Amino acid sequence: MPLPKPPASRASFLPAAAYDTQAAPKPSRQPTKAAAPAADERTPALELRADPAPVAAAPTGMPTKAAAKKSTAPARPAAQSKPRKPRHTGPAKLFVLDTNVLMHDPMSIYRFDEHDIYLPMITLEELDGHKKGMSEVSRNVRQVSRELDALAGDSLDPAAGVPLAKTGHREAGGKLFFQTTFLDAKLPAGLPQGKADNQILGVVQSLREQHSKEREVVLVSKDINMRIKARAMGLAAEDYFNDKTLEDGDLLYTGVMALPADFWERHGKTMESWNQGGHTFYRISGPLVPVLMVNQFVFLEVPGEAPLYARVNEITGKTAVLKTLRDYTHAKNSIWGVTARNREQNFALNLLMDPECDFITLTGTAGTGKTLMTLAAGLSQVMEDRRYTEIIVTRVTVPVGEDIGFLPGNEEEKMGPWMGALDDNLEVLAKSDNSAGEWGRAATNDLVRSKIKIKSLNFMRGRTFLNKFVIIDEAQNLTPKQMKTLITRAGPGTKIVCLGNLAQIDTPYLTEGSSGLTFAVDRFKGWPHSGHITLARGERSRLADFASEVL
């Protein structure tokens, strides 16, 4: 489009009358849809209009397409926050919380999305009875009391409820209701009226009779027997599922993937390979790359061909870099006299000996070699490589049977009976050195024990470990909060290894889905400085392997 011609003469100043003419309101040139009513003489010239203002005519010589586009474009509405889409369609449910739910998760009142929460008065009475003490349950009860006090800080209307988003938790879209009136419910004759659980069941039954046509009333409890009684009375009852990382333990990340037989045909066309530091690297691209994770192990075993054992070293866009492993099944690569006996143990030793991996989780059944490999890798890096200063071993003190009472001595002496597995593995590692005599093995054993410190979980808060090799045994008995407390103790140069068997959880209210070990495995997968291996094959003895299958 040609530019307008430049002015031929010098411009002159406008007279004062021209400013008055420009400031006066002009009639609109656009036709209106309906005739406007006659304006009052007292109406000022400037009015707030809902419709867009008329567009002034373009000056002579300027293009008019932009002006026409502006006049026809609709007015852009003001930016508004997008409302959160509710997960549940229909009327909001009313969840009645049992006391054990609040004791288990202090923030559970904010975990029910757009639904409402109802707290019976007997629940608050039970909370008041458990607020004293230094246990984890007492701390949770005090946290719940602080949250409820913040919500009910002002004068509240019992009928209207308290918005749960009042204290800044925007994920909670419902309201909190307290029981302020007596609810008369007719319980079955066999249920004692004075028991707290039965009083809560009476509250649920009364609420269901009141709201039967409006919305559903559901009891949420961690007590299995209470849920059974509620369902026997025809009441809706559910477990508290928000604390579970996974619904099914079989969905847990294993850290190992078997490659398909046509892997090289589908991924080898644009493959690049090179050697560096004694390892072979493969840069691949193909349909398998989106499902891979950093530090995940892959293997390809085809009859008649050389097997491939590699680890995903890097993922960039649609390409992934695979790095071959060091073969710890060979005697020349043994770690403190220990060699890997199967594929998963070889993967685990590659993680344990990698200085770039700061957090490692090993799960598996009894006898898969978790503690032995971890202890051997720790001794090798402390005594030979001087990478860490010492080994710190801790575990959860949950007895399998009856408790034997208080134990005498200091911290290490009290933890001694719980560390029988450590002593058994140290005995195996001490016997692996056949070159030294009896005196040499005894001296080595004393030196090794001087580098191993046994600590209790009760005194971990506030500590910082610098250049330590930390082993957390029996980690399946940890809650997610305890796991976070331990992992955040790590300082610069510290490696933390969590060992556990999810089939041997001894802590009440913990399952495979809600264990702290499951929580850590799921949250750390894909992080470049962490790794996980599920050991599947037992190597303890043929008796232990057969017993784990048939018993």
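Asp113 counts as buried, at 18% relative accessibility. The cut-off explains the label: buried means under 20% relative accessible area. Keep in mind that this is a predicted model.

Where does Asp113 lie? Asp113 sits in the loop that links helix H3 (99–104) with strand E2 (116–119). Its backbone deserves a look too. The phi of Asp113 is near 55 degrees, which is a positive value in a residue other than glycine. Most residues other than glycine have a negative phi.

Asn467 offers a second case. Asn467 is not a glycine, yet it has a positive phi of about 55 degrees. Asn467 also lies in a loop, between strand E15 (452–454) and strand E16 (468–473). Is Asn467 buried or partly exposed? With a relative accessible area of 34%, Asn467 is partly exposed. Asp113, by contrast, counts as buried.

Now move along the chain to strand E17, residues 495–500. How many of the six residues of E17 are buried? Six of the six are buried, so E17 is largely enclosed by the rest of the structure. Look at the directions of its residues. Lys495, Val497 and Leu499 point one way from E17. Ile496, Cys498 and Gly500 point the other way. Residues on both sides are buried. This fits a general pattern: in a regular strand the side chains alternate between the two faces of the sheet.

What pairs with E17? Strand E13, residues 359–364, is joined to E17 by five bridges, and the two run parallel. Find Phe359 to see one of these contacts: its bridge partner in E17 is Ile496. Strand E16 pairs with E17 as well, in the parallel sense, over four bridges. Here Phe469 has Lys495 as its bridge partner in E17. Trace the chain from E16 and you pass through helix H14 (residues 480–487) before reaching E17. This β-α-β crossover is right-handed.

Finally, turn to the surface. Which residues make a nonpolar surface patch of about 370 Å²? Phe546, Val550 and Leu551 make this patch. Take Val550 as an example. Val550 belongs to helix H16, residues 542–550. Val550 has a relative accessible area of 48%, so Val550 is partly exposed. A patch residue needs over 30% relative accessible area, and Val550 has 48%.

Go back to E17 for the contrast. Six of its six residues are buried, whereas Val550 in the patch is partly exposed.

Methods. Residues numbered from 1 in each chain as written. Predicted model: local features only at pLDDT ≥ 70, side-chain atom pairs only at ≥ 80, totals over all residues. Heavy atoms only, no water. Patch = residues over 30% accessible without salt bridge, like charges linked within 9 Å, V, L, I, M, F, W, Y side chains within 5 Å. Areas by Shrake-Rupley, 256 points an atom, 1.4 Å probe, with all protein chains shown as cover. Salt bridge = Lys/Arg side-chain N within 4 Å of Asp/Glu carboxyl O. Buried < 20%, exposed > 50% of the residue type's maximum accessible area, 1.4 Å probe, protein only. Pairing = 2+ DSSP bridges. Right-handed = clockwise from strand over helix to strand, strands pointing away.
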